[in-house]
Amino acid sequence: MQQAKHAEAMVNRFRELVEDAGDSLPANHYNELKLIIEAGLDTALLESMQKIAGSLNNLAHDIQHNAEFFE
């Protein structure tokens with residue numbers, strides 16, 4: 001759920017920049033931008049979690065391999 005809050009904050013900041021420049025966009029464009037940002041954050045989080053899972057898997061394998069020498 002944090003991604004949604006971060007995406008909303010980014011969209012709000014972008015809306016401020018657009019409006020400060022004297023421009024405007026329809027609300028649906030801001031909603032689409034929020035979805036795009038959320039998708040990007042979700043993808044980055046998933047990739048990070050996959051790397052961590054791979055590292056943990058390698059560590060578990062190493063521990064198991066090293067434990068065989070102590071049996």
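User: What makes Arg-15 count as lying over the face of Tyr-30?

Analyst: Happy to walk through it; keep in mind that this is a predicted model. Arg-15 sits 4.0 Å from the centre of the Tyr-30 ring. The rule asks for CZ of Arg within 6 Å of the ring centre, and within 35 degrees of the ring normal. The distance of 4.0 Å meets the first part, and Arg-15 is listed as lying over the face of Tyr-30.

User: How do you know whether Tyr-30 is buried or exposed?

Analyst: By its relative accessibility, which is 2% for Tyr-30. Buried means under 20%, so Tyr-30 is called buried at 2%.

User: Why is the pair of Phe-14 and Tyr-30 called edge-to-face?

Analyst: Two values describe such a case: a pair of aromatic rings is characterised by how far apart the centres are and by the angle of the planes. For Phe-14 and Tyr-30 the centres are 6.5 Å apart and the planes stand at 65°. The limit for pairing is within 6.5 Å, and planes over 60 degrees apart count as edge-to-face. Phe-14 and Tyr-30 therefore form an edge-to-face aromatic pair. A search of the whole structure gives one aromatic pair.

User: What does the pair of Phe-14 and Tyr-30 tie together?

Analyst: Phe-14 belongs to helix α1, residues 2-20, and Tyr-30 to helix α2, residues 27-67, so the pair ties together parts 16 residues apart in sequence. From C-alpha to C-alpha, Phe-14 and Tyr-30 are 8.8 Å apart in space.

User: How do you know which class Phe-14 falls in, with a relative accessible area of 37%?

Analyst: Its 37% is set against two cut-offs: buried is under 20% and exposed is over 50%, with partly exposed in between. Phe-14 is therefore partly exposed, whereas its partner Tyr-30 is buried.

User: Which residues make up the largest nonpolar core?

Analyst: Five residues do: Ala-7, Val-11, Val-18, Tyr-30 and Ile-37. The elements that give two or more residues to this core are α1 and α2. Helix α1 gives the most, with three residues. Membership requires a residue to be buried, and Tyr-30 fits that at 2%.

User: What makes Lys-34 and Glu-8 a salt bridge?

Analyst: In general, side chains of opposite charge can pair when their charged atoms come close. The N to O distance between Lys-34 and Glu-8 is 3.7 Å, and the cut-off is within 4 Å, so the two side chains qualify as a salt bridge. Lys-34 is in helix α2 and Glu-8 in helix α1, so this pair ties together parts 26 residues apart in sequence. Lys-34 is partly exposed at 22%, and so is Glu-8 at 33%.

User: How many salt bridges does the rule give?

Analyst: The count comes to three. Besides Lys-34 with Glu-8, there is Glu-38 with Lys-34, at 3.3 Å between the closest N and O atoms. There is also Glu-16 with Arg-13, at 3.2 Å. Both distances, 3.3 Å and 3.2 Å, satisfy the limit of within 4 Å.

User: Why are Glu-38 and Lys-34 separated by about one helical turn?

Analyst: They are four residues apart in helix α2, which means a separation of about one helical turn. Glu-16 and Arg-13 are three residues apart in helix α1, and about one helical turn separates them too.

User: Which residues are linked in a network of salt bridges?

Analyst: Glu-8, Lys-34 and Glu-38 are. Lys-34 bonds to Glu-8 and also to Glu-38. Glu-38 is buried at 18%, given the limit of under 20%.

User: What makes Leu-59 eligible for a nonpolar patch on the surface?

Analyst: A patch residue needs over 30% relative accessible area, and Leu-59 has 46%, which makes it partly exposed. Leu-59 lies in helix α2. The patch joins Leu-59 with Ile-52, Leu-56 and Ile-63, with about 390 Å² of accessible area together.

Notes:
Residues are numbered from 1 along each chain as its sequence is written. This is a predicted model: local features need pLDDT of at least 70, side-chain atom pairs count only at pLDDT 80 or more; totals for chains, interfaces and linings use all residues. Side-chain values use heavy atoms; hydrogens and water are left out. Rings of Phe, Tyr and Trp (its six-membered ring) pair if their centres lie within 6.5 Å; planes under 30 degrees apart count as stacked, over 60 as edge-to-face and the rest as tilted. Buried means under 20% relative accessible area, exposed over 50%, partly exposed in between (1.4 Å probe, protein chains only). Patches are made of residues with over 30% relative accessible area and no salt bridge: like charges are joined within 9 Å, nonpolar side chains (Val, Leu, Ile, Met, Phe, Trp, Tyr) within 5 Å. Accessible areas come from the Shrake-Rupley method with a 1.4 Å probe; for residues, only the protein chains shown count as cover. A nonpolar core is a set of buried Ala, Val, Leu, Ile, Met, Phe, Trp, Tyr and Cys residues joined through side-chain atoms within 4.5 Å.
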